[in-house]
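Q: I am new to this structure and would like a close look at a single part. Please concentrate on how the nonpolar interior is put together, and connect that interior to the elements around it.

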Amino acid sequence: MKNTLHSILVLVLCISCNSEVKKVANDVLKAVQQTEVQSTDQLSDFDKITNELLQKTPLTDEELLGAFPKELMGFSVEKANAIPYMQQVVGLFGNRKIVLSIADAAGKNNSLVTTFLGFYSYVPPATDKKKLIKVERDGIKTISEIKYNETEMKFIYDHRFHISLSAKAMNPDELWEAFDINLLKGYQEMNK
């Protein structure tokens with residue numbers, strides 16, 4: 001009975017406000033259509049990126065190591081190792097104060113790029129223990145995680161390489177300013 005009364009009340013309101021209801025309904029319909037178009041565009045971008053990366057041959061461990069920076073922020077590389085079967089190289093600088101990881105997202109690792117781009121659209125809110133910040137720096141989308149006294153910054157370089165850079169006692173702005181993006185040019189030259 002209660003539901004019937006609610007239905008009748010809604011029907012009476014709709015009839016009395018017919019033009020207003022139509023306007024609201026049309027506005028809602030337009031908003032839904034725009035959202036669907038934006039979602040379709042975003043999915044097609046992901047599909048395009050994925051397909052391009054699937055067509056590329058992953059770099060070998062030797063190629064990844066050969067292009068890896070020998071110096072970073074005034075520190076020489078202490079140790080750089082390729083992680084077998086992962087298409088990734090990790091290096092330590094400045095008595096482990098700075099860590100740089102470069103992963104090739106070509107071939108089977110293409111999800112590194114699409115996951116990053118999807119995560120960039122929604123960065124979860126900060127907690128007491130960690131804070132995530134998304135900022136576009138010099139045209140590059142970055143996600144920084146600040147935890148205790150360490151910042152880890154992730155970004156995609158040249159639409160292919162997933163970069164993770166972490167440093168102690170630096171905030172994201174200081175880390176980006178201290179990092180020379182030109183050190184990655186060797187990877188850009190191999191991305192053909």
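A: **The nonpolar core and its surroundings**

In this predicted model, the largest nonpolar core holds 25 residues, and the members that touch the most others are I102, F155 and Y187. Two or more residues of this core are given by each of helix 3 (61–67), strand 3, strand 4, strand 7, strand 8 and helix 5. Strand 8 supplies the largest share, with 4 residues.

Strand 8 is a good place to begin, since 7 of its 8 residues are buried and the strand is therefore described as mostly covered. Strand 8 is joined to strand 4 by 7 bridges, and the two run antiparallel; within this pairing, A103 has H162 of strand 8 as its bridge partner. Strand 8 also pairs with strand 7, again in the antiparallel sense, over 8 bridges, and here F155 is matched with I163 of strand 8. The hairpin of strand 7 and strand 8 has 3 residues between the strands, and in this hairpin D158 takes a positive phi near 55 degrees.

F155 deserves a longer look. Not counting residues up to four places away in sequence, F155 touches F116, I140, K141, T142, F161, H162, I163, W176, F179, I181 and L184. A second core, separate from the one just described, has 9 residues, and L53, A105, V123 and L132 are among them.

To see how these strands fit together, it helps to step back to the whole sheet. The sheet is open and has 8 strands, which follow the order 1-2-3-4-8-7-6-5 with antiparallel pairing. Strand 1 (71–72) and strand 5 (130–137) stand at the edges, and because each has a single partner strand, one side of each is left without a neighbour in the sheet. Helix 4 (residues 111–121) packs on the sheet, where it touches strand 4 (98–104), strand 5, strand 6, strand 7 and strand 8 (161–168), and its direction makes about 75 degrees with that of strand 6.

Toward the edge formed by strand 5, the pairing continues. Strand 6 (residues 140–147) pairs with strand 7 (residues 150–157) in the antiparallel sense over 6 bridges, and E145 has E152 of strand 7 as its bridge partner. Y148 is placed in the loop between strand 6 and strand 7, and Y148 counts as exposed because its relative accessibility is 69%. The phi of Y148 is near 55 degrees, which is a positive value in a residue other than glycine. Most residues other than glycine have a negative phi. Strand 5 and strand 6 are paired antiparallel over 8 bridges, with I133 standing opposite S144 of strand 6. In their hairpin, which has 2 residues between the strands, D138 takes a positive phi near 50 degrees. A positive phi is also found at A169, near 60 degrees, and A169 lies in the loop between strand 8 and helix 5 (172–178).

On the other side of strand 4 in the sheet order comes strand 3, and Q88 lies in strand 3 (residues 88–93). Q88 counts as buried because its relative accessibility is 18%, below the cut-off of 20%. The side chain of Q88 makes a polar contact with the side chain of S101, at 2.5 Å. Apart from its neighbours within four places in sequence, Q88 is in contact with L64, N81, A82, I83, S101, I102 and A103; one of these, I102, is also named among the core residues that touch the most other members.

Next to strand 3 in the order is strand 2, where S76 is found (residues 75–83). S76 and F93 are 17 residues apart along the chain, yet their C-alpha atoms are separated by 6.0 Å. Leaving aside neighbours within four places in sequence, the contacts of S76 are K70, E71, L92, F93 and G94.

Seen as a whole, the protein chain contains 6 helices and 8 strands, running α-α-α-β-β-β-β-α-β-β-β-β-α-α from the N terminus on. Of its 192 residues, 31% count as buried. Among contacts between residues at least 6 apart in sequence, 46% join residues at least 24 apart. The chain exposes about 12,300 Å², and carbon and sulfur atoms supply 56% of that area.

Conventions
Residues numbered from 1 in each chain as written. Predicted model: local features only at pLDDT ≥ 70, side-chain atom pairs only at ≥ 80, totals over all residues. Heavy atoms only, no water. Buried < 20%, exposed > 50% of the residue type's maximum accessible area, 1.4 Å probe, protein only. Polar contact = N/O pair within 3.5 Å; in protein donor to acceptor, adjacent residues only side chain to side chain. Contact = heavy atoms within 4.5 Å. Pairing = 2+ DSSP bridges. Axes fitted to C-alpha atoms, helices over the stretch in contact; angles between N-to-C directions. Core = buried A, V, L, I, M, F, W, Y, C linked by side-chain atoms within 4.5 Å. Areas by Shrake-Rupley, 256 points an atom, 1.4 Å probe, with all protein chains shown as cover.
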